[in-house]
Amino acid sequence: LDGGGLYSFATTSGSGSLSNVTITNNSATGNGGGLRAAGANPNLALPNLSLRHATVSHNSAPNGSNISRSTGPVSLRNTIVSDGSGGANCAGVVINTVANLDSGTSCGFGTANTSKSNAEANLSDLANNGGPTETRALLSGSAAIDAGNAFNGDPVDQRNLPRPKDGDGNGTALHDIGAYELQTPITLDNTAPVITKVVTGSLGL
């Protein structure tokens, strides 16, 4: 079984694009727990698939836990590929268009085109965070917050909430990487708790 979440297969022609999607919690026994891209003819540049503002995470497969590509270009923009299990996040070459995040190094992003490798996505569990479909929220310390690229960036996230927003609280609104846009900065309560010990009884004097 290949392509636990999505299998993109082309024979003589084909292309597709996905934006503001979360591909998560899928598994495959072969290639591409989240996404598998393959074609009938390895000499043709098919299928032609692009992902924009996608979160591809927490999928499982022996070869390409999140993404497996054998033929045709798979282009990523403002996309998270993280926390796969069983195999590396990516198997096969993917195109690092701009501002992507890999929790490992297998996708080959490095730091080119403002992308991040060995970066912490810090994603929540899949949950109802508003909107018609469930998402993985960006938690405190996520390297995806305000790290996206505005060129061809979507004006809303998967929940249909506006992009960009100032997620890190520095006064500048920038796109987040992935399908989820943090709407307000995360505020941590660092106040030390006050502990009061109450002693009851008699002293027996």
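Asn78 is buried in this predicted model, because its relative accessibility is 0%, and burial requires a value under 20%. Asn78 sits in the loop between E6 and strand E7, the latter spanning residues 80-82. Leaving aside residues up to four places away in sequence, Asn78 touches His53, Ala54, Val98, Ala99, Asn100, Gly148, Asn149, Gly153, Ile177 and Gly178.

Arg77 belongs to strand E6, which covers residues 74-77. Arg77 has a relative accessible area of 14% and therefore also counts as buried, given the cut-off of under 20%. With residues up to four places away in sequence again excluded, the contacts of Arg77 are Leu51, Arg52, His53, Thr97, Val98, Ala99, Asn100, Asn149, Phe151 and Asn152. One of these residues, Arg52, lies 25 residues from Arg77 along the chain, yet the C-alpha atoms of the two are separated by 4.8 Å.

The contact lists of Arg77 and Asn78 can be read side by side. His53, Val98, Ala99, Asn100 and Asn149 appear among the residues touched by Arg77, and His53, Val98, Ala99, Asn100 and Asn149 are also touched by Asn78. Leu51 and Phe151 are among the partners listed for Arg77, while Ile177 and Gly178 are among those listed for Asn78.

The wider chain provides the setting for these two residues. The chain contains twelve strands and zero helices, so that its elements, followed from the N terminus, read β-β-β-β-β-β-β-β-β-β-β-β. Among contacts with a separation of 6 or more, 58% join residues 24 or more positions apart; the contact between Arg77 and Arg52, two residues that are 25 residues apart along the chain, is one example. Of the 205 residues, 42% count as buried, including Asn78 and Arg77. The accessible surface of the chain amounts to about 10,000 Å², and carbon and sulfur atoms contribute 51% of that area.

What does a search of the whole structure find in the way of aromatic pairs? The search yields one such pair. The pair is formed by Tyr7 and Phe9, whose ring centres are 6.2 Å apart and whose planes stand at 70 degrees, so the arrangement is edge-to-face. The angle decides the class, because planes over 60 degrees apart count as edge-to-face.

Are Tyr7 and Phe9 buried or partly exposed? Tyr7 is partly exposed, because its relative accessibility is 38%. Phe9 is likewise partly exposed, at 48% relative accessibility. Both values fall in the class between buried, under 20%, and exposed, over 50%.

Definitions and conventions
Residues are numbered from 1 along each chain as its sequence is written. This is a predicted model: local features need pLDDT of at least 70, side-chain atom pairs count only at pLDDT 80 or more; totals for chains, interfaces and linings use all residues. Side-chain values use heavy atoms; hydrogens and water are left out. Helices (H or I, at least four residues) and strands (E, at least two) are DSSP runs, numbered from the N terminus. Buried means under 20% relative accessible area, exposed over 50%, partly exposed in between (1.4 Å probe, protein chains only). Contact means heavy atoms within 4.5 Å. Accessible areas come from the Shrake-Rupley method with a 1.4 Å probe; for residues, only the protein chains shown count as cover. Rings of Phe, Tyr and Trp (its six-membered ring) pair if their centres lie within 6.5 Å; planes under 30 degrees apart count as stacked, over 60 as edge-to-face and the rest as tilted.
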